[in-house]
Structures are given as structure tokens and as C-alpha cells.
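Please open the model in a viewer and keep the sequence panel at hand. The tour begins with one helix and then widens to the whole chain.

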Amino acid sequence: MMLRVKDLTVARGGLPVLAGVSFSVDAGQAVMLRGPNGSGKTTLLRTIARLQDPVAGQIECDPDQVAYAAHSDGLKSMLSARENLRFWADVYGGGDVEAALEAFELSRLAERMAAHLSAGQRRRLGLARLLVVKRPIWILDEPTVSLDEASVALFANGVKAHLATGGLALIATHLDLGFAAERFDVSAYRATAEAVGLGASDEAFL
Amino acid sequence: MRALLLRDLILAIRAGGGFGLGLAFFLIVVVLVPFSVGPAPELLSRIAAGALWLGALLACLLSLDRILALDWEDGTLDLLATSPLPLEAALAIKALAHWLTTALPLVVAAPLFGVLLNLPAPGFFWLTVSLLVGTPALSIIGAFGAALTVGLKRGGLLLSLLVVPLYVPTLIFGAEVARRGAEGLDATGPLAMLGGITAGTIALMPFASAAVLRMALK
Amino acid sequence: MSIWEYANPVKFLRLSERVLPALWVISFACLAIGLIWGFFFTPDDFRQGSTVKIIYLHVPSALMAINAWFMMLVASLIWLIRRHHVSALAAKAAAPVGIAMTLIALITGAVWGQPMWGTWWVWDPRLTSFLILFLFYIGYVALWSAVDDPDSAADLTSMLCIVGSVFAVLSRYAVNFWNQGLHQGASLSLDKETNVANVFYHPLLFSIAGFVCLFLALVLYRTGTEIRRRRMRALMAREVRHA
């Protein structure tokens, strides 16, 4: 199990934001994506998760092995925490909902409607979803937003456990999660304004 | 797939408005008809079948943006798109959920409202049959419109504008079945056409809707 | 040398700039000949009097209203299959022209219908179909203007155009069926093509040719505008990123 990206160019709104991105993540490894706001981290992650097409380059990973989590958690406020997880577990073919609730210390809140959870609790519930979908490649966009220190530690433990079982993770975050992880700064791959020939949709008009 | 259907049904029940709003709107349209054309019973009984079909169609149209808009806002659509469930199936299921929560209550209520409009006796059976056969097409075409306008700022009004022309064949054949039934004529011809349209849209539209949704999510 | 060379916006612009003047001249010449000949140098119809002469506006605009949609369908398919931007922009450019043609056809039809049938509007299958076509055009244009990103707007409108075409054909049959149910046959509609006598026929050909050239010229011109607009957008985007 590995994720390899070769010479990838990704575009946002018809303009390339990152060009020539190459890296690989092996099983049991986590890579932290760094870069200032607007540098294209989200676009890169969405492209790797196959939510949008790359402009150029290759992504070597089975899309059926990817679990993607972004700013919005896909939680329904009219469903309880347990029902929310149950749904995703069913869609992905059954993970252990109770264990996931336990891992993020949500068991006590399991019956509560997601609408009545705090922002941090919702975030934890969103991350608990990763445990029930049972996919080895985690692609996470700013997973630690609105988490307090204790919750970040919970999340870090979750990632460590995932890596220990042979999973891998690609995480865009500004926090230091407190475990050994390679860093990958995307700002080195910024597509320059002069760069033409990357295949962006506007280029034909220049 | 079952999980998605169950979830949509539970959400519709808990959020309220799923069954209620569409039905209430249908009732309002039906009540407004005599106010606008006058209370003469023979006139009402002549236009009852058509007016009921129009009311059901409008009530259906009103609730279309609920099919996808909420799931778009909270990011569920992104997650569904990366899940093992094909988007085609997801959209077909969501259209089915819309039909069960919105259209089916309309079908059940239509004969009751028919009393208000003095619908002739043979019309009750044919009205129910035509709505039962025709409304699935409304839901599944509506899902296509919802996919086209997902994430747009003024999506609601645009959605109606895009979907209404696509509803024309269904409305024509559906209302024709009900009208012929009410007049005691043979209605099997248009009923067959209506069934054909419904079967065709169920078979093909989920693919078009999924293609559109993939484009819209980019 | 393949036709796809002109999928490049710059080459397309260069070609259209060379072709356009000739197209304008031909279209106005044909229109002038067709309309003047038709209006002033053909006899009045024995049954319809001089009202028949609106045929020189009505028939060509109705033809182009349908052909414009067909052109948009072909352009949409080319965009979805080959991803040529010019194709998508040509479809976008053709829609308002198609709306104009549909409106001309509807209005001239009403003006013709008033003295002929004694009413401005009947729910004749043909008239109704054009009204539905008009709704399709409006939805198409509205969708273009509602989506910000030009590429996804092109994607979505192309899909709408394809699905809409299927439903437009369905509606045509549905409307035929529906009207027979009401009116017992289309005794009010005139079968223009077979009824037109030779005297009326030749100026009509000129008028149709004029409308075709006018449509082509307008679409080429408007496509050029859309290409320049996209070019401006691309240049400005580069500028912003450069700063």
C-alpha cells in the first residue's frame, strides 16, 4: 500500500496553482503538507482524492482505498452521533461504530443529536468517521481545526494507531501533532505566473 | 444503498416539512383554483383533473432543491463521491427518497382534494393511477435539475426554470390520463406513454445526473 | 490541415475576421433581395391576401430557431468529447441568437394568425412546441450566467443541452398527441412547405439563405466576443497572480 504522486499539476478555477509536485508516502508513514493559505493544499488533496481532475501528471493510488476528510464533516444535525457514524459505516461496508466513538471519547455523547454538539465535538465525530470507513489511505484537510489540545492528542493517537496497522496519511495542517512525520512544503512547487504549457484551460486564450 | 435511503427518510421525518410542506402547498393550490376561476361545479369538474396534476407538479417542484442542497452544504456530497457507492446509485436513491417523502403523500392526498374540485366519480381511480405512474418521473428529472444547480447561489429559482420544460411531456400525458378517465374515455393510450416516459427516465436520468454532479463538484 | 485547427481560439479569430465581412454582405444582400422581392413583387394570395407575405420572415426565423438549437447540441457534444473551448463558446454565443429567432417566429406567427384565424394565439402543436423551445433557450442562457467558472458552466450547459434536446423531441410528440385530444386534428395549422406556390417560393429561398448567413455571421461575431472575454479573464488572472 502506497501513495505516489509524479509531476502533478493541479488547477483551481482554470489556473494552475501547483506544478511538478512529486512525492510518495509509504505504508505506515504520515506526511504533513505545509504551505501558506491559498498555496493550493486543498486543491492538491482534492485532486489526489479524485474529486477533481489533475491538469497533468500521475497519481498512483487506488481510489477505492482513499478516505477523504475536509473542512465540512458531512454530519447531519438531525441525526445522533451514533446514527451519523452508522450511516458511513454502512455505506463503506461496516466498521466498528462503538470503537470509533470510544477512540474519540464520544461514547457519552452517542445519543445526542449532532446539532447539539460543540464545534470541537462535531470535528471529533467527523474524524471518528475515518475509523469506521476502514480505508488505508487517509487524506485529511486541516483535521485539527477547532480541536482543543486534548482532542488533538486523541487525533494524533488515532493517526498513530492507523499508521501502526499499515495505513498511511497525507495531512494538511499547521500544527505539530507530536509524532514523527515527514514534512512536505508545497510552496516550493507554486506554479509561476509566467509558466505556460502546463495545460491549464485558460492557456489556449493567451 | 439501503443506508442512504433510510438516512434520507429519517432526515425528512425529523426535519419536518418533508411530508407536510409539500402537502400543504398542494392543498393551497387546490384551494386557490376555485377562487381564481369561480365556484361553478360543472366548470370545476371539467378542470379538476388538470388542476390537481398541476398542483401536484408544483408541490413536487417546490421541494426539489432539498434533494441535494443540504448534502452539498455540509460536505456529504464530496464524501459520497469518494465512497464505494456509485454516484448514479446515490442519485437514484435520493430521487426515490424524494418520491417517498414528497410525491407519494401527494398521490394519496390527490383523491381527497379531488372532492374539493368536484372531480367526476370515474376520475378518482384514473387520477390516482396517473399520479402513481407519473410522479416517479418528476422526482428523477428533478434530481437532474438539482444536480445541475447544486452549489449555485440563486439555485432555487433557476432550478424551477430548468426543470419545468423537462416536466412538459410528463404533465401532458399524466393530465391527459386523468382527464380522459374523468370523462369516461379510454385512457390506456396516454397511460402507456406516461409509463414509457417514467421507465425511460428511471433507466437513463441517474447517469446524466451523476455525470452532471461530478462536473459540479469539481 | 484538419478542421480541428480552428479549435485554437487565435486561429479561429483570424479566420472569422476574414470570413465575417463577406458573410455580412451576403446575408444583407440575400435578405434585401428576398424581402423586397417577396413584399413588393409577388401577387397577393387568393385566400390569404397580403398577409401571406409575412412568410418571408416567419418561415426562415422558425427554421433558424430549430437549427440554432441543433447547432448548440452539436457544439455541446464536441465540447464534451474533444474539450475545444471555441466549441463551448460558440454554443453559448448561439443561444441568444436562437432566442431572437424563436421570438421573431412567435411574434410573426401571432401577427399572421390574427387575420387568418381571428386570434393572436392558438395552442396549435407547432406554436406550442416553439413556446416550449423558447423556455429551453431561456433555461440554457440562465444556467450559463449563473455558473461562475467558465469550464464548469460549459460542462453543465452542455449536459442540459443534450438532455434538453431529448425532452424537446419528447415534448413535440406529447404536444401533437395532446392537441389532437382537444382539437380533433390540426385543421388550423397551415402546411406551409407544400402549399407554397412557385411565385412565393423563389424569394423565400433568398430570404432563408439570408437568415442562414445572418445567423452564421452573428454567431461568429458573438463567439469572437466570448473568446476575447475569456482571453481578458485569463490575462487578468495571470496579472493578479504575478502581483
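Select α5(A) and colour its buried residues (buried means under 20% relative accessible area, with a 1.4 Å probe and protein chains only): Ser151(A), Val152(A), Leu154(A), Phe155(A), Ala156(A), Gly158(A), Val159(A), His162(A) and Leu163(A). This is a predicted model, in which local features need pLDDT of at least 70, side-chain atom pairs count only at pLDDT 80 or more, and totals for chains, interfaces and linings use all residues. Residues are numbered from 1 along each chain as its sequence is written, chains are lettered from A and ligands numbered from 1 in the order in which they are written, and side-chain values use heavy atoms, with hydrogens and water left out.

Next, display what covers these buried residues: the cover includes β3 (30-34), α3 (97-103), α4 (119-133), β6 (137-141) and β7 (168-172) of chain A. Contact here means heavy atoms within 4.5 Å.

Now measure along α5(A) itself. Its 16 residues, 149-164, reach 22 Å from the first C-alpha to the last, close to the 22 Å expected at 1.5 Å a residue; the expected span is 1.5 Å times one less than the number of residues. Just after this helix, select Gly166(A), where phi is positive, at about 90°.

Finally, select all of chain A. There are five helices and eight strands; these are DSSP runs numbered from the N terminus, with helices being H or I of at least four residues and strands E of at least two. Their order along the sequence is β-β-β-α-β-β-α-α-α-β-α-β-β. Along its principal axes, the C-alpha trace spans about 60 × 35 × 30 Å. Of the 206 residues, 57% count as buried.

How values were computed. Buried < 20%, exposed > 50% of the residue type's maximum accessible area, 1.4 Å probe, protein only.
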